[in-house]
Amino acid sequence: MSVRSVLAAPVVAHISVPAAADAYTMSSGRLWAVVAALLGLLGVAAGGLALARPAGRFGTRTGTGRSRAVVALGAGLISTALGAVVVATAEGGLGTGNGLGGAVVALVVGLIGILLGGLALSRLRRTG
């Protein structure tokens, strides 16, 4: 074994290991995970409002409950899909800067938004 190969082995091993992203670096995985989580929160908020006030503010049936429920379903669905894509494409585990933690949060929040939107729509179909 030559001296050159002995000295080059640690350098090659160090280069081949992917380094974790810095805490303040915004990678594409983190960006998409944040977008997905915010969409999921929008879905949860819209679904909660649709369940709390289905008839609108002044008691008139203007369709705001149905539109809030549809917004909750759509935002929850998009959030869940984006979160699933980020989870599927993230290399490494939690803490590597690929957005895996945010994507898991987006999946959970998106599913809650879908659930609330579906409950609001089913309640609207029964009552009106």
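# Helices, burial and contacts

Modeller: T80 is found in helix α3. This is a predicted model, where local features need pLDDT of at least 70, side-chain atom pairs count only at pLDDT 80 or more, and totals for chains, interfaces and linings use all residues. Residues are numbered from 1 along each chain as its sequence is written, and side-chain values use heavy atoms, with hydrogens and water left out.

Biologist: Is T80 buried or exposed, and what makes you say that?

Modeller: T80 has 17% relative accessibility. Buried means under 20%, exposed over 50%, and partly exposed in between (1.4 Å probe, protein chains only). T80 therefore counts as buried.

Biologist: What does the side chain of T80 reach?

Modeller: The backbone oxygen of G76, at 2.7 Å. A polar contact is a pair of N or O atoms within 3.5 Å; within protein, one must be able to donate a hydrogen and the other to accept it, and residues adjacent in sequence count only if both atoms are side-chain atoms.

Biologist: Which residues does T80 touch, not counting those up to four places away in sequence?

Modeller: A106, L107, G110, L111 and I114. Contact means heavy atoms within 4.5 Å.

Biologist: What makes α3 a helix here, and how does its reach compare with the length expected?

Modeller: Helices (H or I, at least four residues) and strands (E, at least two) are DSSP runs, numbered from the N terminus. Helix α3 covers residues 64–89, which is 26 residues. The expected span is 1.5 Å times one less than the number of residues. For α3 that gives 38 Å, and the reach from first C-alpha to last is 37 Å, close to the expected value.

Biologist: How does α2 do on that test?

Modeller: It has 25 residues and reaches 36 Å, close to the 36 Å expected.

Biologist: How many helices and strands are there in the chain?

Modeller: Four helices and zero strands. Along the sequence the pattern reads α-α-α-α.

Biologist: Back to α3. Why is V86 called buried?

Modeller: V86 lies in helix α3. Its relative accessibility is 6%, so it counts as buried. Other buried residues of α3 include G65, A69, A72 and G83.

Biologist: What does V86 contact, leaving aside its neighbours within four places in sequence?

Modeller: G29, W32, A33, N98, G99 and A103. The C-alpha atoms of V86 and A33 are separated by 6.7 Å, with their positions 53 residues apart along the chain. A33 is itself one of the buried residues of α2.

Biologist: T89 also lies in α3. Is T89 buried or exposed, and why?

Modeller: Its relative accessible area is 55%, so T89 is exposed. Its side chain reaches the backbone oxygen of V85 at 2.9 Å. G99 is ten residues away along the chain, and the two C-alpha atoms are separated by 9.8 Å.

Biologist: And V35 in helix α2? What is its class, and why?

Modeller: At 32% relative accessibility, V35 counts as partly exposed.

Biologist: Which residues form the nonpolar patch on the surface?

Modeller: M26, L31, W32, V34, V35, L38 and L41, with about 670 Å² of accessible area together. Patch residues have over 30% relative accessible area and no salt bridge (a side-chain nitrogen of Lys or Arg within 4 Å of a carboxyl oxygen of Asp or Glu). Like charges are joined within 9 Å, nonpolar side chains (Val, Leu, Ile, Met, Phe, Trp, Tyr) within 5 Å.

Biologist: How much of the chain counts as buried?

Modeller: Of its 128 residues, 27%.

How values were computed:
Areas by Shrake-Rupley, 256 points an atom, 1.4 Å probe, with all protein chains shown as cover.
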